[in-house]
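Biologist: Please take one loop position in this model and look at it closely. Then walk me outward from there, step by step, in plain words.

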Amino acid sequence: MAGKFCVTITHAKDNADKATVAFVIANAAVASDKDTMVFLSTEGVRLSQQGYCDDIHEDGFAPLAQLVANFVKAGGKIWVCSPCFKKRGLVEEQLIAGTTMVGGAKLVEFLADGSPCVSY
């Protein structure tokens, strides 16, 4: 791998455009041989639930569910902010494949070497 790359996502259906573009960028990063991690926080944690993305399809982009699946299939990691997830009363048994529940310290560890990060 030639470095790491992080995409943080704080939106879901409240701003489907940002959520979609974030996964477009994440897919570009993982396709460029970057150790790529998507960090879902605040409303973005909803994207981690099975079926949630199925009806999100912004004009000009692939459906969000397809973007997420492609990202995971390519080796991308999805980390879900545990406190944000719990605050929203979501169900761990409904997590999509490729997700891991983490705390903020794990994000700090990933970024500690100066890895680039973009936020949506």
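**Glutamate 43 and its surroundings**

Modeller: Glutamate 43 is partly exposed, with a relative accessible area of 25%. That value falls between the 20% and 50% limits, so the residue counts as neither buried nor exposed. Keep in mind that this is a predicted model.

Now place the residue. Glutamate 43 sits in the loop between strand S2, residues 35-40, and helix H2. Its side chain makes a polar contact of 2.7 Å with the side chain of arginine 46. Another polar contact, of 2.9 Å, joins the side chain of glutamate 43 to that of arginine 88. Find both arginines on screen and trace the contacts back to the glutamate.

Next, look at what else glutamate 43 touches. Set aside residues up to four places away in sequence. What remains is Thr10, His11, Ala12, Asp14 and Arg88. Arg88 is thus on this list and also a polar partner. Cysteine 84 gives a further landmark. It is 41 residues from glutamate 43 along the chain, yet the two C-alpha atoms are separated by 7.8 Å.

Now turn to glycine 44. It also belongs to the loop between S2 and H2. Glycine 44 has a relative accessible area of 0%, so it is buried. Beyond its sequence neighbours within four places, it contacts Ile9, Thr10 and His11. Thr10 and His11 are among the contacts of glutamate 43 as well. Lysine 13 is 31 residues away from glycine 44 along the chain, and their C-alpha atoms are 8.6 Å apart.

Look at threonine 42 too. It lies in this loop between S2 and H2. At 33% relative accessibility, it counts as partly exposed. Its backbone deserves a pause. Threonine 42 is not a glycine, but its phi is positive, near 40°. Aspartate 33 shows a positive phi too, of about 65°, and it is not a glycine either. Aspartate 33 belongs to another loop, the one between H1 and S2.

Stay with the S2-to-H2 loop for one more stop. Glutamate 58 lies there. It is partly exposed, with a relative accessible area of 24%. Leaving out residues up to four places away, glutamate 58 touches Ala16, Asp17 and Thr20. Isoleucine 78 is another matter. It is 20 residues from glutamate 58 in sequence and 21 Å away in space, C-alpha to C-alpha.

Thr20 leads us to the helices. It is one of the H1 residues that meet H2. The axes of H1 and H2, which spans residues 64-73, come within 9 Å and cross at roughly 25°. That angle is under 35 degrees, so the two helices are roughly parallel. H1 passes H2 in a left-handed crossing.

Which residues build this contact? From H1 come Ala19, Thr20, Phe23, Val24, Ala26, Asn27 and Val30. From H2 come Leu64, Leu67, Val68, Asn70 and Phe71. They divide into 9 nonpolar, 3 polar and no charged residues.

Take leucine 67 from the H2 side. Its place in helix H2 is easy to find. With a relative accessible area of 9%, leucine 67 is buried. Not counting residues up to four places away, it touches Thr20, Phe23, Val24, Asn27 and Ala62. Thr20 also touches glutamate 58, back in the loop. Valine 21 is 46 residues from leucine 67 in sequence; the C-alpha atoms are 9.6 Å apart.

Now cross to asparagine 27, on the H1 side. Helix H1 covers residues 16-31, and asparagine 27 is in it. This residue is polar by type, yet it is buried, because its relative accessible area is 15% and the limit is 20%. Beyond four places in sequence, it touches Leu67, Asn70 and Phe71. A polar atom of its side chain lies 3.2 Å from the backbone nitrogen of phenylalanine 71.

One last stop is serine 82. It is found in helix H3, residues 82-87. Serine 82 is buried, with a relative accessible area of 14%. Apart from neighbours within four places, it is in contact with Met101 and Val102.

Then go back to the start. Glutamate 43 is still the point to hold on to, with arginine 46 and arginine 88 as its polar partners.

Note on methods:
Residues are numbered from 1 along each chain as its sequence is written. This is a predicted model: local features need pLDDT of at least 70, side-chain atom pairs count only at pLDDT 80 or more; totals for chains, interfaces and linings use all residues. Side-chain values use heavy atoms; hydrogens and water are left out. Helices (H or I, at least four residues) and strands (E, at least two) are DSSP runs, numbered from the N terminus. Buried means under 20% relative accessible area, exposed over 50%, partly exposed in between (1.4 Å probe, protein chains only). A polar contact is a pair of N or O atoms within 3.5 Å; within protein, one must be able to donate a hydrogen and the other to accept it, and residues adjacent in sequence count only if both atoms are side-chain atoms. Contact means heavy atoms within 4.5 Å. Axes are lines fitted to C-alpha atoms, for helices over the stretch in contact, and angles run from 0 to 180 degrees between N-to-C directions. Angles under 35 degrees count as roughly parallel, over 145 as roughly antiparallel, 65 to 115 as roughly perpendicular and the rest as oblique. A crossing is left-handed if the near helix is turned anticlockwise from the far one by less than a right angle, and right-handed if clockwise.
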